[in-house]
Every structure is written in structure tokens, then in C-alpha cells.
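Here's a walk through a single protein chain, with an eye on side-chain contacts and burial. Have the viewer open and follow along.

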Amino acid sequence: MSAAPHRPEGGRPPAGPDRRTRAVRLGPRSVAALVLVSAVGVLAFGWPLLADSASGLAHSRDAPWLFTALLPMLLAVVVATIADTGLDAKAIAMLGVLAAAGAAMRPLGAGTAGIEPMFFLMVLSGRVLGPGFGFVLGSVAMFASALLTGGVGPWLPFQMLSMGWVAMGAGLLPGPDRLRGRRELALLAAYGAIAALLYGLVMNLQGWPYIGGMASAVSFVPGDPVAQNLARYLAYCLATSLGWDVPRAVVTVLLTCTLGGTVLKALRRATRRAAFDAPVAFHADPPRGAAGP
């Protein structure tokens, strides 16, 4: 006599349709890895502000080290998540499909005034599938898009980390089980706009300290007080990247308001059918020779 796995009700979870389904659940090791990689990321973005005038900053020296240090830590998040929850084939398949879709959407607006429809999909996917899946998806999608567009360079780990934060933040928004309709779209549109602006702000910080030859009013001065360098940094953002960040935010809001409802329904239907959280029950096979039903 053997036992065979059986999922009740055709493999669907027994809870109601509004129940939050997560392809990746955050366990203790996953949370620890996320906190660690986020802390290192914050230091990687912000440490030049604390550098003294004799530090001799050179992007060509530090970037390869940051590249080799951050990528394994990002992969450690995935490994820790699999160890905690068991990322099954359905979750991997959904991750692959959404990451490929995000990577394919990025070239649609690349180089055109900051129009990046990829943000729209990352925000909605993080909302439906939770912060753990969102972080992994944002990082993998950005990596795949870099391979697709030839954008591999020392800035890539920073992009992966920043996009992971964007999608993870969407998964942490309030009301995942009860907020629906226009109120949810308004929440996601507002978050998407803020996240798009902050993404540009953070990514500017990655490269700004290493750009020379700029006017003193917007250039980084090693050893100056943090407040003065931050003032120069904000002036630099206003002068150089605001024309990219604002269109990115506007496109994210427009896509969320027009297509968000349809995409959210499709994602939620797919997660219900995948039944990530469905309990597995076992029943004995009937004796040999017994008549079937």
C-alpha cells in the first residue's frame, strides 16, 4: 500500500479568493539575508559621503569589488528563501515568466526620457506575490534586462538592489487582502510614482561621487560636511536627472491607473491556480483488484 499526495478541491487552497497567496514566504534566514544585503547596499550607496579628502576615490577601483560582493549576497537571498520555504517549480516558473516580461518591457523606453514601463509590472507583481518574491523578481528582472540590452557594468548590482527594493516595498503596502478596486489602484499609483522618483535619486548617488569636471555647486567634495555634499547632490539631481525621473513616475502612474486592474486580476488568478499555499494531504491507494468508482 502506498500513499499519494492529494490536494483538496482540485489543488486549490481552501481559503477564500481574497486570501493573500505568496510564492515565496519570508522565514528567519530569508529576513536576515534581506536585512544584511540591504544594509550593505545602503553602505555601498552612501559611503562616499563619509570619505575624507585623502581617500582617492576612483570608480574604476571600487566598482569591481562592489560588483563581486553584492551579487553573491543577492543570490544568498534566493538560497536562504529556498532553504526556508522550498521554492517549488510553480514559483520558479512564475518568477521566470515575470522576469522575462519585465526584461522585455525595459527596452521599450530605454533611452527615451526615462520612460520605463518595467516599473509598473514590478510594483504590481510585488503587491500580489509579496515582498520576498518581489525582491527576488526585481533583482532577477533587472539582471535579465541588462543581459538583453547590453547594460552590464559596475552599476548593475546597484540597479538590481534598487529594483528589488521597489518590488519588495510594493509587497509591504497595507491592505493586501481587503483593499481592492480604485483605492488599491490609487495606493499603487502613488507608491509607483514615489518609488520611481526614489529609484532615480538613489541611482544618482551611485555614480555622482565619481564624476569629475562639474561645477563646484553640484560636484562631490570629499571631506566636506555631509550636509553640504547632500545639498550639492540635490542640486545635481535637479540639474541632470529630474527630466528622466518625472516621466518614469508619470508613466508608472498612467499604466497603473489604466491597466492595473486587469493585470492585478490576472496575477491573482494565476497565483490561485498555482495554489502555492495549498496543504498537501495523503491518502492510501485502494487495494489491488478492488473495483474503481
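By about how many helical turns are R248 and D245 separated in helix α10? The answer is about one, because the two residues sit three places apart in that helix. The general rule behind this is that an α-helix has 3.6 residues a turn, so residues three or four places apart point the same way. Before going further, keep in mind that this is a predicted model.

**The overall layout**

The protein chain has 10 helices and two strands. Reading from the N terminus, the order is β-α-α-α-α-α-α-α-α-α-α-β. Of its 293 residues, 45% count as buried.

Helix α7, residues 156–171, is a good one to look at for burial. It is largely enclosed by the rest of the structure, since 15 of its 16 residues are buried. Its geometry checks out as well: at 1.5 Å a residue the helix should span 22 Å, and the C-alpha atoms at its ends are 23 Å apart, which agrees.

**Salt bridges**

Side chains of opposite charge can pair when their charged atoms come close. A search of the whole structure turns up four salt bridges. Three of them are listed here, with the N to O distance for each.

| Salt bridge | N to O distance |
|---|---|
| R248 and E116 | 3.2 Å |
| R248 and D245 | 3.0 Å |
| E184 and R127 | 2.9 Å |

R248 turns up in two of these rows, with E116 and with D245. Together, E116, D245 and R248 are linked in a network of salt bridges. The R248–D245 contact stays inside helix α10, while the R248–E116 bridge ties distant parts of the chain together: R248 is in helix α10 and E116 is in the loop between α4 (89–105) and α5, 132 residues away in sequence.

Are the members of this network buried or exposed? R248 and E116 are both buried. For R248 the relative accessibility is 6%, so it falls in the buried class. D245 comes out at 7% and therefore counts as buried too.

The salt bridge between E184 and R127 also joins distant parts of the chain, with E184 in helix α8 and R127 in helix α5, 57 residues apart. E184 is buried, at a relative accessible area of 1%. R127 is buried as well, with a value of 1%.

**An aromatic contact**

Helices α5 and α8 come up again here. A pair of aromatic rings is described by the distance of the centres and the angle of the planes. The count for this model is one aromatic pair. It is made by F119 and Y199, which meet edge-to-face with their centres 5.0 Å apart and 80° between the planes. This pair also links distant parts of the chain: F119 belongs to helix α5 (residues 118–129) and Y199 to helix α8 (residues 182–207), 80 residues apart.

Both rings can be checked for burial. F119 has 0% relative accessibility, so it counts as buried. Y199 is buried at 6%.

**Around helix α9**

Y236 lies in helix α9, which covers residues 226–240. It is buried, with a relative accessible area of 10%. Y236 and W208 are 28 residues apart in sequence, and their C-alpha atoms are 8.2 Å apart in space.

**Cysteines**

A disulfide is a covalent bond between the sulfur atoms of two cysteines. How many does a search of the whole structure find? The count is zero. As for cysteine burial, C237 is buried with a relative accessible area of 6%, whereas C257 counts as partly exposed at 47%.

**A nonpolar patch on the surface**

Now for the outside. L197, L238, L242, V246, V250 and L254 make a nonpolar surface patch of about 510 Å². Which helix contributes the largest share of it? That is helix α10 (residues 242–274), with four residues. L254 is located in this helix, and its relative accessibility of 51% puts it in the exposed class, as the cut-off is over 50%.

So helix α10 is worth a second look in the viewer: R248, a buried residue, and L254, an exposed one, both belong to it.

Notes: Residues are numbered from 1 along each chain as its sequence is written. This is a predicted model: local features need pLDDT of at least 70, side-chain atom pairs count only at pLDDT 80 or more; totals for chains, interfaces and linings use all residues. Side-chain values use heavy atoms; hydrogens and water are left out. The expected span of a helix is 1.5 Å times one less than its number of residues. Buried means under 20% relative accessible area, exposed over 50%, partly exposed in between (1.4 Å probe, protein chains only). Patches are made of residues with over 30% relative accessible area and no salt bridge: like charges are joined within 9 Å, nonpolar side chains (Val, Leu, Ile, Met, Phe, Trp, Tyr) within 5 Å. Accessible areas come from the Shrake-Rupley method with a 1.4 Å probe; for residues, only the protein chains shown count as cover. A salt bridge is a side-chain nitrogen of Lys or Arg within 4 Å of a carboxyl oxygen of Asp or Glu. Rings of Phe, Tyr and Trp (its six-membered ring) pair if their centres lie within 6.5 Å; planes under 30 degrees apart count as stacked, over 60 as edge-to-face and the rest as tilted. A disulfide is a pair of cysteine sulfur atoms within 2.5 Å.
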